[in-house]
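The following exercises concern charged side chains and their surroundings. Please work through each task before reading its solution.

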Amino acid sequence: QVQLVPSGGGLVQAGGSLRLSCAASGSILSINAMGWYRQAPGEQRELVARITDYGTTNYADSVKGRFTISRDNAKNTVYLQMNSLKPEDTAVYYCNAVIVGHGLNRAYDYWGRGTQVTVSS
């Protein structure tokens, strides 16, 4: 069984920084893309940032230049460094990973539990 366990998040003033982490554990053969999504109240879940197993990244336009996604393959962990935070970044953030488990012949999407990020003005 595969699990994604996030950490980080919390309350920060506008202009501040936070770092999210998400570690994958369990019977993992390989991890393809990893990413972060967020969902604000009354809004749909949206992609924030994504990184492939080759290190290729893509970001939502709203966070380009402020957020940085990275991963440590040895630790099966993805990070999201969030700088210059704005009140509109307030949302529940979810980590996601596309993982091939041992004994399986295809990759599956896995999601971590949400972690709240609140940016006060």
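**Exercise 1.** In this predicted model, what kind of contact do the side chains of aspartate 89 and arginine 38 make? Locate both residues along the chain and state their burial.

*Solution.* Step 1: the two side chains form a salt bridge, with an N to O distance of 3.0 Å. Step 2: aspartate 89 lies in the loop between strand E8 (77-82) and strand E9 (91-101), whereas arginine 38 belongs to strand E4 (residues 28-39); the pair thus links distant parts of the chain, 51 residues apart. Step 3: aspartate 89 and arginine 38 are both buried.

**Exercise 2.** Which residue forms a salt bridge with glutamate 46, and is glutamate 46 buried or partly exposed?

*Solution.* Step 1: the partner is arginine 38, and the closest N and O atoms are 2.7 Å apart. Step 2: glutamate 46 has a relative accessible area of 35%, so it is partly exposed. Step 3: for arginine 38 the value is 6%; because buried means under 20%, arginine 38 is buried.

**Exercise 3.** Where in the chain are arginine 66 and aspartate 89, and which residues do the shared salt bridges join?

*Solution.* Step 1: arginine 66 and aspartate 89 meet in a salt bridge at 2.7 Å, N to O. Step 2: arginine 66 sits in the loop between strand E6 (57-59) and strand E7 (67-72), and aspartate 89 in the loop between E8 and E9, 23 residues apart. Step 3: arginine 66 is buried at 11% relative accessible area, and aspartate 89 is buried at 1%. Step 4: salt bridges with shared partners join Arg38, Glu46, Arg66 and Asp89 into one network.

Note on methods. Residues are numbered from 1 along each chain as its sequence is written. This is a predicted model: local features need pLDDT of at least 70, side-chain atom pairs count only at pLDDT 80 or more; totals for chains, interfaces and linings use all residues. Side-chain values use heavy atoms; hydrogens and water are left out. A salt bridge is a side-chain nitrogen of Lys or Arg within 4 Å of a carboxyl oxygen of Asp or Glu. Buried means under 20% relative accessible area, exposed over 50%, partly exposed in between (1.4 Å probe, protein chains only). Helices (H or I, at least four residues) and strands (E, at least two) are DSSP runs, numbered from the N terminus.
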